[in-house]
2 protein chains.
Amino acid sequence: MTRKQKLVLGADCGGTNLKLALIEPSGAILYSKRVPVNFTEAPQKVICGIGKEFKKFLKESRVSEILGIGMGIAGDVDQQKGIVRFSPNLNWKQVPLKQILSKEFPYPLLIENDANCAAWGAYCLDAKKDCKNLICLTLGTGIGGGIILNGKLFRGSRGSAGEIGHMTIEYRGRPCKCGNFGCTESMIGAWGLIQTAQDGLKKGLAPILKKILSKSKGIELNPETIEEAAAQGDGYCRQIWDEAGEILGCTLSNLVNLFNPDRIILCGGVSKARSWILKPALHTLAMRAFKTPLVSLRVSISQYDEKLGVVGAGLLFWE
Amino acid sequence: MTRKQKLVLGADCGGTNLKLALIEPSGAILYSKRVPVNFTEAPQKVICGIGKEFKKFLKESRVSEILGIGMGIAGDVDQQKGIVRFSPNLNWKQVPLKQILSKEFPYPLLIENDANCAAWGAYCLDAKKDCKNLICLTLGTGIGGGIILNGKLFRGSRGSAGEIGHMTIEYRGRPCKCGNFGCTESMIGAWGLIQTAQDGLKKGLAPILKKILSKSKGIELNPETIEEAAAQGDGYCRQIWDEAGEILGCTLSNLVNLFNPDRIILCGGVSKARSWILKPALHTLAMRAFKTPLVSLRVSISQYDEKLGVVGAGLLFWE
């Protein structure tokens, strides 16, 4: 692949993996790779390691030069200064990522919250043609969000807008990891769903789920096993999905009443429980939101899921 | 006042009154007036009456010509077509306001939701210099909102964005007039506060409030009397304000996590219960919202309250 086309290195930095891809301006991926990263080491060391991975990746892809790097990080980032202000997933606080990385890998760098990257990816790959206002929710262990308004990523005044997962839906509800109570994430993030399932197991309310988990030691309690138990007729697990759908529907309804978007795109692991969560969510949305913004709204699950973050990070570099 | 300056007629059309003002590009009011309007009559007749009031107003103010009219309406409006899609306050549905009014008063007309006008007024009068992203909440009988992003009124895809009062804060909560449950408005709109007070009175929990109301037949149960009872030591009424502050704080926290605004401005009748509602609201906000967006946020109560709607309506005409 010895070409001199203008390419950007897109990177998506989660809690355990680093996804890398060479991105064309169209959003097409020329070459991609996923490498494990050990984030328990000191940030300085981790970042030098990431720089080395970047070099190796370029060599492997036989691309001699790139325009720069667009990098998504699970956390609160200062895009202008290139600082990761806070990332609970990476266990970083006030890490001058740009400064450290530039010594190892001297290319222009843009850093951005990973959910914002996914939203930009979803917008560019799937919606740019016919849509101005889009909201993307990443339903995974946590719940992230990105907001596209008038065709631009909306970052707010200090770059931290779009924390959709930490919207209070039940103000006296479950404590969330963020310090708030009754956030969407605390109820329907994967960890919230697992907590609800555990509550049921303790009370002996989820016999089929219990049976599935006891089949072998390798089987984990996670959204997939809760889905399997629901599919096999576990009443408590079905209720978990019904309620999760209701909470998701309330969250969407709040977004619709506030933003009146053209589209909402869902992605991430939990969104794969499509039939279980989407039906009650759309029902709740239709019941609760204002009618005018509902008329033109389209809610869908992204078909590009896995690559949204890395493509969005790369494409944001061009913006 | 026989001048040929470029002026706009600002109008703020509530459920019982029509506020009128001649607005300069600076936002200064040259002449203003408030007239009662009987909205129980057919829309056609009401609008012709409004047109006549406009003419009378111009004559009184001795201004021979205006550039146009900016008009705020309590309801869901289609700005582009000049149609009031739905206004529960005026009891209007799909009313072609622009078309009807143009026969009586043939000037260019802009119509906009009244809370959006108030937000634009708050932005122009108080915040334009040092602020890009501002959210304005009107705390009255209902709770309205307007959102200014990157220095522009944000309307969403069909013009209905900004329904902050209908954000679900307690998803199994009190039924709201909008069809949803546990909206901010259902709990801390004036009607929500009154309902909570009535619940207490029925249970004999608010003795001081009861005494105040029984003093004379003219005294109404409203936020002011609930405030008075709280000031006189009524424990139940104090609790009403504490909880109202908490709900308001949750609402602000959601807005801060979503929009990361520079400023939030509160206006409307309920915001006048300043000491009772603002303290618990700010406490809750500090506890619940993300820290990064809180650093640069300023929350205040508007000093221009009464005129925000009419000035904002006029100034929006120039946009």
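Start with both chains on screen: in this predicted model, turning chain A by 180° with 0.0 Å of shift along the axis lays it on chain B, at an RMSD of 0.0 Å. That is how a two-fold axis relates two copies. Both copies also use the same surface, since 100% of the contact residues of chain A recur in chain B.

Now hide chain A and stay with chain B. Select β5, β6 and β7: they form an open sheet of three strands in the order β5-β6-β7, paired antiparallel. At the edges you'll find β5 (76–78) and β7 (92–95), each pairing on one side only. Direction ignored, neighbouring strands here are turned by 20° against each other on average. Zoom in on β6 (residues 83–87) of chain B, which is tied to antiparallel β7(B) by three bridges. Show B:F86 and you'll see B:K93 of β7(B) opposite.

Next stop: β9 of chain B, residues 134–139. Is this strand mostly covered or exposed? Covered: six of its six residues are buried. Turn on side chains and check the two directions: B:L134, B:C136 and B:T138 point one way, B:I135, B:L137 and B:L139 the other, and all are buried. Such alternation between the two faces of the sheet is what a regular strand does.

Add the partners of β9(B). A hairpin of three residues leads from β9(B) into β10(B); β10 covers residues 143–149, runs antiparallel to β9(B) and shares six bridges with that strand. Then select β12 (residues 263–267) of chain B, which pairs with β9(B) in the parallel sense over five bridges.

Finish by centring on B:C136. Its bridge partner in β10(B) is B:G146, while in β12(B) B:I265 stands opposite B:C136.

Definitions and conventions
Residues numbered from 1 in each chain as written. Chains lettered and ligands numbered in written order. Predicted model: local features only at pLDDT ≥ 70, side-chain atom pairs only at ≥ 80, totals over all residues. Least-squares fit on C-alpha atoms with pLDDT ≥ 70 in both. Contact = placed C-beta atoms within 7 Å. Pairing = 2+ DSSP bridges. Helix = DSSP H or I, 4+ residues; strand = E, 2+ residues; numbered from the N terminus. Axes fitted to C-alpha atoms, helices over the stretch in contact; angles between N-to-C directions. Buried ≥ 20, exposed ≤ 12 C-beta atoms within 10 Å, placed from the backbone.
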